[in-house]
Amino acid sequence: MISWTAVESEGAFNLACSRMERGDQTLTALKVWRGDFRLTMDRLRRLSIALEKSRVVENLQLFGHHISNECMRRVMQAVQVNSRMKQLDLGNNGIQDVGAHRIATAVRKLPQLRVLDLEINRIDELGVTALAKAAADCPSLRELRLSKNSFGDGGAGVLAEMLANSSTLKRLTIRNCDITEKGARTVALAIWMNQRCTLEKLDMAPFDLGEMLRDVLPAEVRSDSGTHDCNQSVLSFIREYHRDKGPKEPALRTKVILVGQGRVGKTSLLNSIIRSVRNESDPSLPDDVTEQKIQLLNEDVTQGVDMREFNLPAVTVPNPHNQFSQMAVVVAQGRSVTERLKVSWWDFAGQTVFYAAHALFLSVNCVYVVVFKPDEAFDRDLYRTWLNDIRSRLKGGDFASTPVFVVATHKD
């Protein structure tokens with residue numbers, strides 16, 4: 001049973017600290033909201049000592065005191081020894097990235113924490129990155145409140161990665177956090193793709209979850225867009241949708257197509273990519289490389305299509321570019337490898353005699369690399385032809401649906 005103690009004066013503060021310092025087991029919840037009473041540096045030091053001695057506080061609310069980084073370090077050291085902590089409210093304290101990192105460290109040591117409230121602070125992308133990782137490592141966490149911070153689309157992307165894999169979080173508030181529609185859509189797609197989604201409440205005003213998922217939701221679900229409970233209705237639909245469809249595995253393979261004129265360096269570019277991956281990403285890659293050639297002529301240049309296939313270390317993440325894709329896979333960079341991505345590299349011959357045959361291999365679900373050599377032999381019209389051929393294979397002729405990279409070679 002929680003026994004609340006609200007502190008609004010010096011006398012009440014001293015009494016609460018004395019009770020905790022004596023090991024009073026009945027003081028399990030402490031609320032210090034700034035009114036006329038402010039937690040100075042000296043008071044925060046005493047409060048930290050009292051919390052360390054108590055070790056039974058389950059609910060701590062310190063709202064509106066603008067706690068410095070050093071004081072936050074001391075308070076978090078005290079908080080993390082209260083292993084029964086269930087709710088931590090540090091709203092409106094001017095917390096920045098350094099403070100957020102210290103809070104994240106403490107959260108990992110609170111096995112019963114259910115609610116973390118950090119609204120109305122100054123947490124940027126770095127801070128929310130630390131918090132998102134800590135939340136992912138805290139399976140007891142059910143509610144995360146981050147509204148009125150300044151982490152923008154970068155922070156939204158980090159939260160999206162957490163949401164794509166979360167199976168415990170039930171409530172998230174990120175309203176008014178400098179997020180644009182792009183960031184809101186990334187968050188929405190992460191929720192949509194999570195087959196173990198447990199989210200019941202989402203507030204990311206001014207953006208509406210139903211509107212961000214308008215391309216994948218049925219009309220009857222979208223019809224609630226703009227109503228107060230729209231997000232709850234959409235979240236309920238997502239949970240039921242994945243429950244009905246059952247577990248699914250992402251398709252851990254993709255195709256990369258290299259096109260361009262002859263002798264502009266397509267094959268050299270591919271060889272360079274393979275060497276780079278072998279040397280930097282995974283020493284075992286040479287054993288994974290297989291090669292298959294569809295050749296029409298026996299010459300020292302690519303004829304027809306040269307196909308190579310090898311695996312890459314990868315992690316599964318939300319795909320902000322394609323709302324119809326359940327999962328995107330990227331090469332791991334400094335993150336724990338969870339999957340292996342099989343990549344087929346199609347190196348198309350650049351001689352004009354083969355152009356008609358190339359159309360047989362172009363498709364929507366792949367990545368295109370258009371290669372050119374910026375010299376006097378560069379054919380601008382032919383370059384436009386390649387882009388037009390690719391566009392004709394895309395849904396609605398929209399390049400936003402399929403990644404297309406343009407690479408200039410021979411810089412040296």
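A residue is counted as buried when its relative accessible area is under 20%. In the predicted model described here, L144 has a relative accessible area of 1% and is therefore buried. L144 belongs to strand β6, which spans residues 143–145. In sequence, L144 stands 27 residues from D117, yet the C-alpha atoms of the two residues are 6.1 Å apart in space. A second contact of this kind involves K266 and T409, whose C-alpha atoms are 8.5 Å apart with their positions 143 residues apart in sequence. K266 is located in helix α11, residues 266–280. With a relative accessibility of 6%, K266 falls under the 20% limit and therefore counts as buried.

Aromatic contacts were examined next. Three aromatic pairs are present in the structure. In one of them, the ring centres of F13 and F37 are separated by 5.6 Å and the ring planes meet at 40°, so the pair is classed as tilted. The angle of 40° is neither under 30 degrees, as stacking would require, nor over 60, as an edge-to-face arrangement would require, and the tilted class therefore applies. This pair connects distant parts of the chain: F13 lies in helix α1 (residues 10–21), whereas F37 lies in the loop between β2 (29–33) and α2 (41–54), and the two are 24 residues apart. Both F13 and F37 are buried.

Another aromatic pair is formed by W33 and F63, with 4.5 Å from centre to centre and 20° between the planes, and this pair is stacked. It likewise links distant parts of the chain, with W33 in strand β2 and F63 in strand β3 (residues 59–63), at a separation of 30 residues. The relative accessibility of W33 is 38%, a value between the limits of 20% and 50%, and W33 is therefore partly exposed. W33 also takes part in a contact with a lysine: K31 is placed over the face of W33, 4.9 Å from the ring centre. A further lysine–tryptophan arrangement involves K255, whose charged end lies over the ring of W346 at 5.0 Å from the centre of that ring.

Internal voids were sought across the whole structure, and two cavities of 30 Å³ or more were found. The largest cavity has a volume of about 60 Å³. Its lining consists of L163, S166, L169, I191, N194, C197, T198 and L199. By residue class, the lining of the largest cavity comprises five nonpolar and three polar residues, with no charged residue. The second largest cavity holds about 40 Å³ of space. It is lined by G260, Q261, V370, V371, F372, F378, D379, L382, Y383 and W386. At least two of these lining residues come from β14 (367–372), and at least two come from α13 (380–393). The lining of the second largest cavity divides into seven nonpolar residues, two polar residues and one charged residue.

The cysteines were considered with respect to covalent cross-links. A disulfide is a covalent bond between the sulfur atoms of two cysteines. With a cut-off of 2.5 Å between sulfur atoms, the count is zero disulfides. C177 has a relative accessible area of 1% and is therefore buried. C197, which is among the residues lining the largest cavity, has a relative accessible area of 12% and is also buried.

Several backbone features occur in loops. The peptide bond leading from A205 to P206 is cis, with omega near 15°. P206 is situated in the loop between β8 (201–203) and α8 (209–212). Positive phi values occur at two residues that are not glycines, R55 at about 65° and N176 at about 55°. R55 is found in the loop between α2 and β3, whereas N176 is found in the loop between β7 (171–173) and α7 (181–193). The relative accessibility of R55 is 47%, so R55 counts as partly exposed. N176 has a relative accessible area of 41% and is therefore partly exposed as well.

Technical notes: Residues numbered from 1 in each chain as written. Predicted model: local features only at pLDDT ≥ 70, side-chain atom pairs only at ≥ 80, totals over all residues. Heavy atoms only, no water. Phe/Tyr/Trp six-rings, centres within 6.5 Å; stacked < 30°, edge-to-face > 60°. Helix = DSSP H or I, 4+ residues; strand = E, 2+ residues; numbered from the N terminus. Buried < 20%, exposed > 50% of the residue type's maximum accessible area, 1.4 Å probe, protein only. Lys NZ or Arg CZ within 6 Å of the ring centre and 35° of its normal. 1 Å grid on protein atoms, 1.4 Å probe; cavity = no way out; pocket = protein on both sides within 12 Å on 5 of 7 lines; lining within 4 Å. Points joined across faces, edges and corners; volume = space filled by probe spheres on them. Nonpolar A, V, L, I, M, F, W, Y, C, P; charged D, E, K, R; others polar.
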